[in-house]
Amino acid sequence: MRAPADGTTNGTNGGVYSIALKYFLSCSAALVAETVTYPLDITKTRLQILSHAATPGKAARPRGMFRVTFDIVRHEGPLSLWRGVAPAIYRHYVYTGIRMGTYEFLRGKWFDKKREKTFSAWKSMTIGLFSGAFAQFVASPADLVKVQMQMEGLRKLQNLPPRFHSTWHAFVTLYRANGFFGLWIGWVPNCQRAALLNMADLATYDRAKHWLLANTDMKDNAVTHGCSSACAGLAAATVSTPADVVKTRIMDQLRHKHDFSHHKSPGTPLYKGSIDCLMHIVRTEGFFALYRGFLPIYIRMAPWSLTFWISYEKIRQLTGAPSF
């Protein structure tokens, strides 16, 4: 990794202003990427909870990504594809800023340029794992609200009254119903997913970019950033999808708890934890159910990663910050 482009000294060169600037820039890039690709996220979430939405006693009918998207538009309206986008954006203003800032800070502390020519893969994966888990823990309440609002369309189809009227109303309602710590329902699988995703995304992008710069004639430009982000998006989707399915199922329990629609007694959770949820899915639906929603996850993650990394690198360049 070459010193001018490794970005490892950013945390100390500009002090608090530099850290705040990079935080804002990463959040701005995430806002663009999230808004553009959000319809794929709501499609993914619906696919992952199809078995929950089935009529009691009947299995959910398998449906593909395009069929689910078409049904959302036909029954709920085109704007429903952006239902829950507000908490998703709020989440990124916490999650993305923290994960990017933490990764770069730890990389700067752990990368000894005098003794190491490149930042090793295991170090990159380790700090990516930690950065993702830490950032997601802080942002988990916003993720919970996003999932709950994405499920509101199903209530409409079932002729049930809406639970929430706005993002703020959802936060308040969930807080009153479950308490302060209830806002962190599902945080364990959520953090597991984020840790795996960031381990794959940040480490793959970091390694791929600097490998291309060191071993090819490619320059530090949008082409290199695009190639690196493509590798990062595929790695992140492959590694994180099972944890994403588990996270969505556990968070979706609140909808069933509210309606008392499952076969167990009211208030009894469907799953005891993330491991129990994972084993239940494999046992009752098969291993590949853990990859339900993989196509929209990857189709979303690929352009999300491409949009984010190119925007982030370009914004850093325009503001005078070193390349990532």
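These are my notebook entries on one protein chain and the packing of some of its helices.

**Entry 1: the chain as a whole**

I began with the kind of model, which is a predicted one. I then went through the secondary structure and found 12 helices and 0 strands. Written along the sequence, the pattern I noted is α-α-α-α-α-α-α-α-α-α-α-α. For burial I looked at the 324 residues of the chain, of which 51% count as buried. I also looked up how far apart in sequence the contacting residues lie. Among contacts with a separation of 6 or more, 78% are between residues 24 or more positions apart.

**Entry 2: helix 5 against helix 9**

I took helix 5, residues 85–110, and asked at what angle helix 5 and helix 9 pack. The angle is about 55°, and the axes are 12 Å apart. An angle from 65 to 115 degrees would be roughly perpendicular and one under 35 roughly parallel; helix 5 and helix 9 are therefore oblique to each other. I recorded their crossing as right-handed. From helix 5 the contact takes in R91, Y95, R99, M100, Y103 and R107. From helix 9 I listed R193, A194, L197, N198, D201, L202, A203, D206 and H210. Sorted by class, the residues of this contact are 7 nonpolar, 2 polar and 6 charged.

**Entry 3: helix 9 against helix 12**

Next I turned to helix 9 (residues 187–215) and helix 12 (residues 294–318). Their axes come within 13 Å and cross at roughly 55°. Helix 9 and helix 12 are therefore also oblique to each other. Which hand does the crossing of helix 9 and helix 12 have? I noted it as right-handed. On the helix 9 side I found L197, D201, L202, Y205 and K209. These meet M301, S305, W309 and E313 of helix 12. The class count for this contact is 5 nonpolar, 1 polar and 3 charged residues.

**Entry 4: D201**

D201 of helix 9 is listed in the contact with helix 5 and in the contact with helix 12, so I looked it up separately. Is D201 buried or exposed? Its relative accessibility is 5%, and because the cut-off for buried is under 20%, D201 counts as buried. The D201 side chain makes a polar contact of 3.1 Å with the side chain of R99. R99 is one of the helix 5 residues in the contact with helix 9. Setting aside neighbours within four places in sequence, I found D201 in contact with R99, A232, A236, S305 and W309. Of these, S305 and W309 are among the helix 12 residues that meet helix 9.

**Entry 5: T43**

I then went to T43, which lies in helix 3, residues 15–48. T43 has a relative accessible area of 1% and is buried. What does the side chain of T43 join through a polar contact? The partner is the side chain of T69, at 3.0 Å. Apart from neighbours within four places in sequence, T43 is in contact with M65, V68 and T69.

**Entry 6: K314**

The last residue I looked up was K314, in helix 12. At 42% relative accessibility, K314 counts as partly exposed. I also checked its C-alpha atom against that of H225. K314 and H225 are 89 residues apart along the chain, and their C-alpha atoms are separated by 9.8 Å.

Methods. Residues are numbered from 1 along each chain as its sequence is written. This is a predicted model: local features need pLDDT of at least 70, side-chain atom pairs count only at pLDDT 80 or more; totals for chains, interfaces and linings use all residues. Side-chain values use heavy atoms; hydrogens and water are left out. Axes are lines fitted to C-alpha atoms, for helices over the stretch in contact, and angles run from 0 to 180 degrees between N-to-C directions. Helices (H or I, at least four residues) and strands (E, at least two) are DSSP runs, numbered from the N terminus. Angles under 35 degrees count as roughly parallel, over 145 as roughly antiparallel, 65 to 115 as roughly perpendicular and the rest as oblique. A crossing is left-handed if the near helix is turned anticlockwise from the far one by less than a right angle, and right-handed if clockwise. Contact means heavy atoms within 4.5 Å. Ala, Val, Leu, Ile, Met, Phe, Trp, Tyr, Cys and Pro count as nonpolar, Asp, Glu, Lys and Arg as charged, and the others, Gly among them, as polar. Buried means under 20% relative accessible area, exposed over 50%, partly exposed in between (1.4 Å probe, protein chains only). A polar contact is a pair of N or O atoms within 3.5 Å; within protein, one must be able to donate a hydrogen and the other to accept it, and residues adjacent in sequence count only if both atoms are side-chain atoms.
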